[in-house]
Structure formats: structure tokens, C-alpha cells
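Trainee: Could you take me through this model and show me how to read its backbone and its ligand site?

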Amino acid sequence: MIYLTEYVAVLRLALRFARTLMFGALILLFCPATAFCGSAQADTTLQVLHWWTSASERKAATLLAARLADEGVAWRDVGIPGGAGIGAGKVLKSRVLANDAPEVTQIIGVSIREWADLGFLLELDKVASANKWNASFFPTIQTLIQHRKHVVAAPLGIHRINTLFYNRKLLATLRLNPPETWEELVAVAAKLKAAGIIPLAQSSEPWQVATLFENLILAESGPDYHRELFVKQNAQAVFDKRFTQALERMRQMKGWMSNPVDERPWTDVVRQIAKREAAMVVMGDWAKGELNEWGFATDDEFSCTPMPGTGKYHLYSVDTLSMFTNDYSRVLAQEKLARLIATPAVQTDYNAVKGSVSVRRDADPTRMDSCARASWNAFAQGAALQAPSLVHRMATDESSRDAIIAVIHRYFIDDTVSAAETQKRLAAMFRTFNNNSRK
Ligand code: BGC
């Protein structure tokens, strides 16, 4: 699918390329003899565009900004509200079109490749080799940050999307154990409901609905099938009965949520667990960062467990920062930031605030809380047990992702839409995607 913005971006790329060549030639000619390079290097402010606007997200960004300031570089914050980056992606596109790209941007997963393909991203190979990123990061992370054998992103942390948060005290009052299987989850939900407690907090925001759905797919069938659907977009796989079952289960879960299911930001949904207004929520583990920041320590008021049926698996989203080359005047500062965020110290401190876990193989799990330790250990088992999150752009490009989410969302909000119709619609969409990619 080619959108106008992408088309215009390609045109701009040609212009940018020509400009870059001229700029590079100028530097080579005059750099040693003039003050020009000096002034370029001295400009040490970086605009950083991201979607970390909740309390814990802001705290994590502030931590990075403070460490960067220690290195003499100022972080000019551009936080765009909207969970899962709904707003930030649009702002980034329009700023690039206006020739006003920020020097640093939170770009994650497949989107990294999309921007790198257009030639906008700074190659960080020097930083990567000097700091032995190859030997330090999990293999999945190394693959994720590279495009055509060049490193084009710096990794911050790994979020686990298959996480069920629950209010320990509510479950304990009814003597309920956190559920590990679908059957246990059904039983727990029934008991909570009978006691007048809302079993599951949920928003009808499309990305939050699709998060629940991709968890159900993983629970039902594991990472291979999840990839078959969301990475390979195999139309035949959509007609599998495991897909029907996941859809039916999602509708069954609607009966455990408040009615109607309002469209609310993720922070509001998580707050319900803290306030004992609902017992459980399926959410990426940034929810843990947020709960901690509100004063709720892990394993006190709340705790977490993998989404029932996904205990061995890790449905992941990796936060990364990419650097826009622009006129190459901030390269030194950009490289400093890239180097800094992957250091063991920043990895430990940042991830403890953010709720995610270190991308480094040499991290120390004994220093993590129970949720983080389980996540890091699950991820460390390797690619066979990892599933790239659809919602968080790890599985497919932005436009396919949006289209898939819309189909799932429609099924969720409108009870008259059948599972069979949804499957037909999605399979047709997958065929179109595959035809387009073959062209
Ligand atoms: C990002 C997280 C962020 C979450 C909620 C995810 O896509 O990876 O860093 O906290 O969205 O906005």
C-alpha cells in the first residue's frame, strides 16, 4: 500500500540525498581549515520525539535526559500523547515532510526499516562496534536494530506484552490463585463476578483491544502460529479453528468487563486495578512502571503473571531510538546518546523505572523484581519462544498493522459481526498485502 505521504517522502529523499552529497563535499573541503566543524560539533541540543507522556514514562525520559546532560548534551523533549504511539507516528511524518525532522525519535520494530529504507537514519556502526553491541545484546535485538547490515537504532528496553496484572488483595479476599491456564482464568473470572467485582479492566481503544487479541492467539497456539498470522500474513492460517477460538474467547471476555467498554487511555485502565475497581488487566509491562510510580510496589497491592496459557512465551516490544541525519550537524551528540543508553548502568536504571527489561545478555536478573525477572528469563530462552508484537510494530509495517487492528476492533465492539465474517475480511486483506509485496 503506498500512501501519499510515503510517495512525497520518496521525492524528498532524492532532494535530501543530493543535499547530503553537497554537504559532505563541503565538509571534506573546508573542515580542517575552518571553524565550521567546530560549531557543528558544539551544537549539543537534541530534540527527542517520543510518546512517553504518562508519569512513569516521563520519569524514564527524564532519567535519560539527566544522564545525557552529564555528557554535555541537552535533551529537548517532544512528547506526543497517545498510547502505543498513535499520535507520535503522525507528527513524525508531518515533521519530516516539512523538512523539520527531530534529531532523535522513538521509532520501533518494522518502522525502523521503513525509515531506514528512505535513507533518513544515521548509521551507528561505529558506536556499535566500539561498544561491542554484537556481543552484548540478545540476538533478536541485534537483528531489530539493523538494516542492510548497518545499525540504525539504539535499544532501550524489552517490554513483555503477555502480562496479566492482578490486584493481589482482591484475589486473596476470595482465596483465588492467579490463573495460569484459560480454564483457570474462566473460573477466577466467574468467582469475581459472583462476588460483584469486575474481573477484567479493558478499554475499547483499538490498540488495546488488539493487544488482548494477540495475547489470545499466542495463548491458543504459540509463537509459530502468531508469526504465521502477523508476520507472514498467511490467509489460510486465518481460517484455522484456533483463530475462531481466539475470537470467541475475546467475546466471552467482554462479559467480564464493565459494560459498555469505554474508550480510555491505558493509564485509566491500569488505575482501576490499583483502586480495586477491577481485579485484572492484560497489558504490556509499562503498566508496572506506572503502578510503581504511583506508589504501588510490585508484589504488594498488585502483582503480575504471564497471560494464562503463555507462560513459556515472550510477546515482545522493544523500545529503540533512531537518529535522523538531517544536515549531520549533531552526529557527535547523537552518537553520545546512542552509546549512553546501551551502557549497563543506564540499562539497569532506565528499565527499572520504565517497567521493561535490559536488552543486554549480561544483565543481572537477581536485581530485578519478580515481573522483570520472569520477563528477562523468558526472553533469554531465544527466538523460538519469542513472538513479535503486532500492536507494537514488531511484526509488520504500519499500514498493515493498522488495517489488521481495525478488523479485530470492529469484531470486538459490534456483537453482530461474526467470527466467520471477520476471518473472511482478514484473509482477503492478507491476500492483498501478499500480492502487493510481490509486485
Ligand atoms: C512502547 C512503550 C510505551 C507504551 C504505551 C509501547 O508501544 O513501547 O514504551 O510505554 O507503548 O504508550
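Mentor: Let us begin with the backbone of this predicted model, at Arg 175, which has its place in the loop between helix 9 (168–173) and helix 10 (182–194).

Trainee: What is the phi of Arg 175?

Mentor: As a general idea, most residues other than glycine have a negative phi, and most peptide bonds are trans. Here, the phi of Arg 175 is near 50°, a positive value although the residue is not glycine.

Trainee: Which residues does a cis peptide bond join?

Mentor: The cis bond joins Asn 259 and Pro 260, with omega at about 0°, and Pro 260 is found in the loop between helix 13 (241–254) and helix 14 (266–274).

Trainee: Turning to the ligand, how many residues surround it, and which are the closest?

Mentor: With a heavy-atom cut-off of 4 Å, 13 residues surround the ligand, and the closest are Trp 52, Glu 57, Asp 319, Lys 354 and His 392. This shell divides into five nonpolar, five polar and three charged residues, and it draws at least three residues from each of domain 1 (4–157 + 319–376) and domain 2 (163–315 + 387–438).

Trainee: Which polar side-chain or backbone atoms lie close to oxygen atoms of the ligand?

Mentor: A polar pair is counted when its N or O atoms are within 3.5 Å. A polar side-chain atom of Glu 57 lies 2.5 Å from a ligand oxygen, one of Lys 354 lies 2.8 Å from a ligand oxygen, and a polar backbone atom of Ala 84 is 3.0 Å from a ligand oxygen.

Trainee: How much of the ligand's accessible area does the protein cover?

Mentor: The protein covers 100% of the 310 Å² that the ligand has on its own, and the space taken by the ligand is the largest cavity.

Definitions and conventions:
Residues numbered from 1 in each chain as written. Predicted model: local features only at pLDDT ≥ 70, side-chain atom pairs only at ≥ 80, totals over all residues. Heavy atoms only, no water. Polar contact = N/O pair within 3.5 Å; in protein donor to acceptor, adjacent residues only side chain to side chain. Areas by Shrake-Rupley, 256 points an atom, 1.4 Å probe, with all protein chains shown as cover. 1 Å grid on protein atoms, 1.4 Å probe; cavity = no way out; pocket = protein on both sides within 12 Å on 5 of 7 lines; lining within 4 Å. Sits in = over half its atoms within 2 Å of the grid points. Nonpolar A, V, L, I, M, F, W, Y, C, P; charged D, E, K, R; others polar. Domains from an automatic or database assignment. Helix = DSSP H or I, 4+ residues; strand = E, 2+ residues; numbered from the N terminus.
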